[in-house]
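Here is a short briefing on sheets, the helices that pack on them, and one residue of interest. Please look over the sequence and the model before reading on.

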Amino acid sequence: MTEKALRLGTRRSKLAMAQSGQVAEAVRQVTGRPVELVPITTYGDTSREHLAQIGGTGVFVAALREALARGEVDFAVHSLKDIPTTQPDELVVAAIPVREDPRDVMVGRNVPKFTDLPRGARIGTGSPRRMAQLNAYARAHGMEIETVPIRGNVDTRIGYVRSGELDAVVLAAAGMNRVGRSEEVTDFLSVDTVLPAPGQGALAVECTADNAPLIAALAELDDPLTRAAVTAERSLLAALEAGCSAPVGALADLLGDGQTVKEMRLRGVVGTTDGTKLVQLSTTGPVPETHEAAMALGSELATEMLAQGAAGLMGERAH
């Protein structure tokens, strides 16, 4: 008799289905059990408002978590950057697999590189974080660009470029890789130019806290170094008291000699969307061995950023 299939809750978008499919295959290999995808529509998928207006935080997550709580699915896969920084007691992130490329990428029309964009180029992005940093970079390098707020899936966004409405769009490298469209990328944006969203490129595999056998099985997919990095990044975000629609970028890099990882460097940025003001700081320390140490790395850097005026740049906190 075959074991009952595990039900994996996922958003319905092409990207979500692709990344959930990859996790389903890994869980199948670890548990020997079949895994079926259960597509769930979230508020963030149906609302046509800009993410900054609907709050951003948790709009893609709530429906999946409700399905978990009701027992309609056994576990769920989220893009980590979509999860609110406070974790409900009844749920646990059992695995954070090895992270995909955390960088942002550009898909341009007739222009391969961001630095080659013509004067007055229109760049589409739904992210205040990207707007702040792109505008700051342009201002510092004598470029004139206009950032245009857009929403929609990868097809929709790239469609604006193909149709000529926009000169370029900026997306996450991880998403382009997961849907098999990385060959359409015209420029990988250096993290020195644009720091990614906290947790960008990482997935979170979540289940109920009382399902010990499933937690143990899923834990085999966990990558401790990825978990330490994204925990530090999300701790920074939480300490800034910013939602995932706020213009905050963060990245924890692992520094080493290729053989061994020696240190972790955490960088954070917050800025006004027009790029006129940025607070950008970094800190380097030993690789956190515990959840608490990773949290401390993020909160300490956030404290320094707040001391340099970060709070006034985030809009949501300021009024």
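Is Val261 buried, partly exposed or exposed? Val261 counts as partly exposed, because its relative accessibility is 41%, and that value falls between the 20% and 50% cut-offs. The model is predicted. The points below start at Val261 and then move through two open sheets.

**Val261 and its surroundings**
- Val261 is part of strand 12, which covers residues 261-271.
- Leaving aside residues up to four places away in sequence, Val261 touches Leu225, Leu254, Leu255, Gly256 and Val287.
- One of these contacts, Val287, is 26 residues from Val261 in sequence. In space, their C-alpha atoms are 7.7 Å apart.

**The sheet of 3 strands**
- Strands 11, 12 and 13 form an open sheet, in the order 11-12-13. The pairing is antiparallel.
- Strand 11 (248-256) and strand 13 (278-286) are the edges. Each has a single partner strand, so one side of each has no neighbour in the sheet.
- From one strand to the next, the twist averages 15°.
- Strand 12 and strand 13 are joined by 9 bridges, in the antiparallel sense.
- Leu266 has a bridge partner in strand 13, namely Thr283.
- Helix 9 (residues 224-239) lies across strand 11 and strand 12. Helix 9 runs at about 145° to strand 11.

**The sheet of 5 strands**
- This open sheet has the order 7-6-8-5-9, and its pairing is mixed.
- Strand 7 (145-148) and strand 9 (187-188) sit at the edges, and each pairs on one side only.
- Strand 6 (residues 121-124) runs parallel to strand 7, and 4 bridges join the two.
- Ile123 has Thr147 of strand 7 as its bridge partner.

**Helices on the sheet of 5 strands**
- Helix 5 (residues 128-140) packs on this sheet. Helix 5 touches strand 5 (104-108), strand 6, strand 7 and strand 8 (168-172).
- The direction of helix 5 makes about 180° with that of strand 7.
- Helix 6 (residues 154-162) also packs on this sheet, where it touches strand 5 and strand 8.
- The direction of helix 6 makes about 155° with that of strand 8.

Terms used. Residues are numbered from 1 along each chain as its sequence is written. This is a predicted model: local features need pLDDT of at least 70, side-chain atom pairs count only at pLDDT 80 or more; totals for chains, interfaces and linings use all residues. Side-chain values use heavy atoms; hydrogens and water are left out. Two strands pair if DSSP finds at least two bridges between them. Helices (H or I, at least four residues) and strands (E, at least two) are DSSP runs, numbered from the N terminus. Axes are lines fitted to C-alpha atoms, for helices over the stretch in contact, and angles run from 0 to 180 degrees between N-to-C directions. Contact means heavy atoms within 4.5 Å. Buried means under 20% relative accessible area, exposed over 50%, partly exposed in between (1.4 Å probe, protein chains only).
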